[in-house]
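Here's a quick report to read alongside the model. Keep the viewer open while you go through it.

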Amino acid sequence: MRYEVILSYFIGFAAIIIAALLFSIKTKGLLGLLFNTALGGLVLTVLSLWTPLQVPLNPLTALLCGFMGVPGIGLILLIVYFL
């Protein structure tokens, strides 16, 4: 075989490996955000039931809670309390 063919196979194989790694990283990040958002919605539901505050449960508050975690929950509670 000529070295151009071997080099082409090597570059193609490396491109497939890099694409698979990038897809894996993006999928893990997206699934993690989806899981955290669902967990944030659950936490907001529990807080709405246990506290006298009426915490709104909508996609924005669930995403904020899932993305920021505990500070996001605190921010949502402060906004609901003062507004």
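What follows goes from the overall fold and its confidence to one helix, one residue and one ring pair.

## Fold and confidence

First things first: this is a predicted model. The protein chain has 3 helices and 0 strands, so to speak a plain α-α-α when you read along the sequence. As for how far to trust it, the average pLDDT is 79, and 88% of the residues score at least 70.

Confidence isn't even across the chain. Helix α1 (residues 3-50) sits lowest, with a mean of 76, while helix α3 (residues 70-82) comes out highest, at 86.

## Burial and surface

Of the 83 residues in the protein chain, 17% count as buried. The accessible surface adds up to about 6700 Å², and carbon and sulfur atoms account for 81% of that.

What about contacts across the sequence? Take the contacts between residues at least 6 apart in sequence: 45% of them join residues at least 24 apart.

## The two sides of α2

Which residues of helix α2 are buried? In this helix, which spans residues 59-68, they are Thr-61, Ala-62, Cys-65 and Gly-66. They end up on the same side of α2 because they cover an arc of only 130 degrees around the axis. The general rule behind such spacing is that an α-helix has 3.6 residues a turn, so residues three or four places apart point the same way.

Flip to the other side of α2 and you'll find Pro-59, Leu-60 and Phe-67, which are exposed. Just after the helix, Gly-69 takes a positive phi of about 80 degrees.

## A closer look at Thr-61

Thr-61, a residue of helix α2, is worth clicking on. Why does Thr-61 count as buried? Its relative accessibility is 11%, and the cut-off for buried is under 20%.

Who does it touch? Leaving out residues up to four places away in sequence, Thr-61 is in contact with Leu-44, Pro-56 and Ile-76. Of these, Leu-44 falls within the residue range of helix α1 (residues 3-50) and Ile-76 within that of helix α3 (residues 70-82).

## One aromatic pair

How many aromatic pairs does a search of the whole structure find? The count is 1, and the partners are Tyr-81 and Phe-82. The geometry is edge-to-face, with 5.1 Å centre to centre and 80 degrees between the planes. Is this pair buried or exposed? Both Tyr-81 and Phe-82 are exposed.

Key. Residues numbered from 1 in each chain as written. Predicted model: local features only at pLDDT ≥ 70, side-chain atom pairs only at ≥ 80, totals over all residues. Heavy atoms only, no water. Buried < 20%, exposed > 50% of the residue type's maximum accessible area, 1.4 Å probe, protein only. Helix = DSSP H or I, 4+ residues; strand = E, 2+ residues; numbered from the N terminus. Arc of directions from axis to C-beta. Contact = heavy atoms within 4.5 Å. Areas by Shrake-Rupley, 256 points an atom, 1.4 Å probe, with all protein chains shown as cover. Phe/Tyr/Trp six-rings, centres within 6.5 Å; stacked < 30°, edge-to-face > 60°. pLDDT = per-residue confidence, 0-100.
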